Every structure is written in structure tokens, then in C-alpha cells.
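Me: Please take one part of this model and look at it closely. Start from one residue and work through the surrounding interior.

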Amino acid sequence: HLWMLLHLSGICTFFRHYYVSLLISLSACSLSPWSHIMLPLSCIESSKKSSNTVPVLWKCSMCTFDNHETMVYCEMCGVFRESFVKSGKDVSIKESVNGISNNSGTSALSNSDSTKMPAKTSTTNFDGDSERKYASTSHDKVNSTQLASVGSSSSTGKKLKEDQGSSRASSSAQNKGSMETLSSDISQLSIERNNVNVAQPLPEEYKPEGWMLADQESGVLSQLNLAIVGHVDSGKSTLSGRLLHLLGKISKRDMHKNEKEAKEKGKGSFAYAWAMDESTEERARGITMTVAVAYLETKKYRVVLLDSPGHKDFVPNLISGATQADAAILVVDASTGSFESGMDGEGGKSVGQTKEHAQLIRSFGVEQLIVAVNKMDAIGYSKDRLEFIKVRLGSFLRSCNFRDSAVTWIPLSAVENQNLIKSPSDARFTSWYQGSCLLDAIDSLQLPSRDVSKPLILPICDVIKSQSTGQLAAFGKLETGAIRNGSKVLVLPCEEVATVKTIERDSSSCSIARAGDNVAVILQGIDGSRIIPGGILCHPGFPVPVANYLELKIRVLDIAIPILIGYQVEFHIHHVKEAARVTKIVALLDKTGKPSKTAPRFLKSKQNAVVQVTLDQAVCVEEFSKCRALGRAFLRSSGSTIAVGIVTKIMRQDQH
């Protein structure tokens, strides 16, 4: 603009030449925004110096200013030459190109300008809106190219002075070669424009390596992840501790210590529970607050016990820990009044934890269930009471889509050691019961399929300190794939690649872990603060999406307040809890899954619907059809679970 003002104001040619020199100096300092002004001026000056013939002029159709033949637009008003607009094959334009190509630095500078310009690529999100993404090459590349062009331009000017007496034939050959060079540069520029910052496509199909598909090692038991859930004070921790003690997983010394401390605090019956509830706060309150992990072995399985909290205040901890379960034990208190409160809540005005836990465990994908009817000694081992519990609870379990053939009923007494690892000995019990004991029922469970043929996915349940090395480790269950020492993994959501240093299973080092294994993975090449619960370890070539706008297919549970658009909820998925709100109710679903034609204004109890939710922060998530473990979602509000469902679509993925 300043250049045009100089012409319009009638300033002498001296100042224009001074301005050209100034622009060339600025270009040498890599001030790239001036390069588009410098280009035509430098072309004119070099053309004037190199030409001994009478200049050919063309008159601007707008301002009638006489311009040099090498100019494709008016030097005074900037209007393009008519012949240049009409056809790119005009003879005068070819001569103009030849004149420009005599300066060998021009093509390099033009290349730098074009490289610097952002290349626009259009992408469409799931809403159908077109988003513009701008990609540009690095500034260092532009600077280096510009500096090269300036040097080349000055050297070419010297050559033109020395070669003015050369023959016409050599000049023609040089022009022809310059023309070919310019055409090559333009072709190369076109290729570079098409390839600017284009992400490399992921492999079409994942192919597991041979070591991942290795057969089961001889003498190694298959691992079964078993969640223990139920209403508060139903005896879950006592049952777990008793099993560990009977199978030799708790030493006599530790058991004696627990019994002594429990009696001193007036809680003698909590001695076995304290084998699982190790924290001071848990022992003081007499309840489980976090998911405790313990290991035991049966004839068939190496069992990972996940002792879950029963109090309603700690249901989020249950969701976080018990999502790893392959099967579950639902512990029920058979004593009068306790079973009823577990079903109907306090005063019969709310949903008890027995119901809520059953709904949650089914939504985790657990299909096999053992119902342990505990405290049979408190009701004198009454068969009638057991039948009453089976009728009422069995009806509810069927409503949760548990098949009768997949539910096993085991009456027992953890405190009295009746029907745990062997048949009962009490005459009141044996007079009518001839079924299996709890340990046999665990062995009768079937392992779900382990998919090692898919890329690695390991949701991080917790970050713990390794007992052997003292280093921080990512603890969780391998949902798919396999890892071994030295494997490269992508850590999400921080998007950093790390190397597996050590793998630990039950505090013992192992070289390989496959889908279904609960392991602690020690990583190197990454700061420990970047590894967080709720994150993911996955295959670097197959990253898990990180998103905050999702579409869900949900089942509304028993709720008192209808769900409206804008409803604030707690969104739970694998080991993550995030604040969210319902942004759209898409449709209701009938029993066949067919959506309604019109969107409802609100949702009430027992309805199936498709909704869209927006999370305050993005989480690692996957569509249920691609990964079940990362596609199960739970909505909670006011301390209760109001809906369970699956992720059907990722509406918007988080852009990093």
C-alpha cells in the first residue's frame, strides 16, 4: 500500500528505488510478510538491467498507466492485465514468465511464499458442520528458503552484467532451461501443497504378533476377576477375609493380630473383615470405603477378589473398581429386616444397595452371578426364609436381564464357616441342603473370551507404588491385546509414548501380560505425574479417542425427578468420574429398540432413550461396538444411580 501511495503522490523515482532497496534488506532479515511486495519490484529491476532492447509497454484499462511488458498487473492501480485474466497461455505472459525465470532466486522465493501460506483442509464433524483446519510448514523452513533466494538473486544480478555480450543462441537456451526449472518448481510446489501436514493413515487392520497369541503356559492357572458386592453390613469383607484365611492366604500371626485389635476396640466380629479393610478410617467406621484387592487360588482359577464398598456414599468407588469383574458374588444378609432394607432402602422410600449393586454389576457386562445368602446362622438356617429371598430377589434379577441359568444360590454363614470351602456341618443346615459350597460354585464359573487379537487397551484403575521397586506403576486390567517388557505404549490423555520397564502380577514380576490379566505396569521415559487414574495405556498406532460430547443409549432406573434437557449429572465411565449435563434428548426407544419419531420433553423411570451429554472435561472413551469396557456409562445424581447405558457415538472428539 505504501508503494502505491508513493506513485499516486508523484514522488520521484529515487524514493521508489530507495524503497525497493529497503524491502530487499527486510527480506534478508527473514521478514516474510514483505516478500509478496518484493517479488514484482525485484523482477522489474532485474529486467531493466538485463534488457538492451526498447521496452514494450501495455496500457492499463483502468487508469491508462503504461506498464512494462513483464508486469501482469498495473504498477499504478494494481488491476490485472486483461490478457492475463482471459488466458494463462497468452504469448506475452510466456515472455513475462521467461523474464522472471532469468532471476534464479525468484522460484525459490515463490516456493517459500507458497509454503508459508496455510493449506486449508475441510473436515466434517459428526453434527454435519464443516470445520476448517489450517496447516502450515515450520517457520524455520520458510526463513531458510527466503535467505537462499536473496543470495541467489544477488549473484544472478552479477552474472547478468558479465554476460550481456553473450550470443542470442546461448541466451535462448538459458531461457528455455529456466522455463523448465520454473515448471518443475511449480509442479513440486503443487505436490508440497497437497502434502502439507497431512496425518499418516493408520494401518487398516491390526495384526497381533506371535508372542501375543502364545498358548497358555503349563501349570499356570487362568485368572478370574471376581467382584464382591452387596448392601452395607451384609458381610462382604468378613466373607472375603474368611476365604483368604481358610485357603492359607493370611498367616496365623496376622490373623491373631487382627483378632486382638478388634477385641480391644469392641469389634471382635470384625477380625476377618480387617484382613481386607486395612486403613485406619475403614476400621474406625467399620465399613469398606475403597475396592480392596486380594488373590486366592482354587482348583481351576487364580481368583482376583475385588471387595467393593456397600455404603451408598462410596458407590462411585465400586463403579471404578468393579468394572474389571468377569463375574460377581452378590452378598445378601438373610436376617429379618436387613434383607428388606437392602431391597427397598431405609423406610422403603428408596432403592436399597442390593438392587443398585445388582443393576450396576449387570451394566458392567457381568452375566454370571453367585448370590451368597449370608448370616444363615442368624435365622436358624431356615429353608423357608431362603425360599422367600430367592423368589423376591430372583424376580428383580430377571428384570435386570440375568438369566436364571447364570445365577447360582449359595446359602452360607461366613462367621460360622458353614458352606464356604466344604459342605456344611451344622445339622440344621444339612437336613435340607445338599448343594455346592461357595468354592465349588466359583470353580463352576466360565471365563469370558479374552481378545488378544486386538490392539492393546489397559484402563488405569489406580497409580500405585510397586512393592518390589518402589516406583510408580499404572495398575489395571488388560481389556484387549498384550504387552511385554520393552513394549512401546501411548499414555492417554497426555498423549506421550513410554516404554514398559517392568510388569508385576500379584507383586511378582512377569515378562508378558495378556487380556484379562490384572497387572501393575512400570513405565520409563515419562514423568510419573502424567500417569493418572482414568487414563489409558494403548497401542501407539491405534489411539483411544478423547472426547467430551457423546451420544448414549440409556436405561432410566427408578427416579423421583424426571430427567430434563440441561439436567446436571455425574458421568461415570470405566475409572473416570466427570461432571456433565444432558444437552439433548434424541428419542425414546420401544421394547424392540425402535426410536420414536418425536423427541420427548423429559424422561421418567423405566424408559429407554437416546440422549446426548456434554462433559466438563474430555475423557478417554470408545464406542461400545468397538470396545465394551470403554463404552459403558453410568449417570448418577444426588447420591443415586439414575441411568445406565452405552456409548453409541462420539459426537465431537477433543482436539489437542
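Reply: Leu306 lies in strand 7, residues 301-307. Strands (E, at least two residues) and helices (H or I, at least four) are DSSP runs, numbered from the N terminus. The model is predicted: local features need pLDDT of at least 70, side-chain atom pairs count only at pLDDT 80 or more, and totals for chains, interfaces and linings use all residues. Residues are numbered from 1 along each chain as its sequence is written, and side-chain values use heavy atoms, with hydrogens and water left out.

Leu306 is buried, at a relative accessible area of 1%. Buried means under 20% relative accessible area, exposed over 50%, and partly exposed in between (1.4 Å probe, protein chains only). Leu318 sits 12 residues from Leu306 in sequence, and their C-alpha atoms are 9.2 Å apart. Contact means heavy atoms within 4.5 Å. Beyond four places in sequence, the contacts of Leu306 include Leu226, Ala227 and Ile228. Val291, Ala292 and Val293 are also among them.

Ile329 touches Leu226, Ala227 and Ile228 too, among others. Its list of contacts, which leaves out residues up to four places away, also includes Ile370, Leu438 and Ile442.

Now the core. A nonpolar core is a set of buried Ala, Val, Leu, Ile, Met, Phe, Trp, Tyr and Cys residues joined through side-chain atoms within 4.5 Å. The largest one has 76 residues. Ile329, Ile361, Phe364, Val371, Leu393, Leu397 and Leu438 have the most contacts inside it. Strand 8, residues 327-333, gives the most to this core: six residues. Another core, of 28 residues, lies apart from it and includes Val576, Ala580, Leu615 and Leu635. In soluble globular proteins, nonpolar side chains tend to be buried together.

Next, helix 14. It spans residues 353-363, and 10 of its 11 residues are buried, so it is largely enclosed by the rest of the structure. Its buried residues include polar ones by name: Gln353, Lys355, Glu356 and His357. Ile361 is buried there as well. Gly365 follows the helix, with a positive phi near 100°.

Glu356 leads to Arg636. Their side chains are joined by a polar contact of 2.8 Å. A polar contact is a pair of N or O atoms within 3.5 Å; within protein, one must be able to donate a hydrogen and the other to accept it, and residues adjacent in sequence count only if both atoms are side-chain atoms. Thr641 joins Arg636 by another side-chain polar contact, also 2.8 Å. Arg636 lies in strand 27, residues 632-637, and is buried at 3%.
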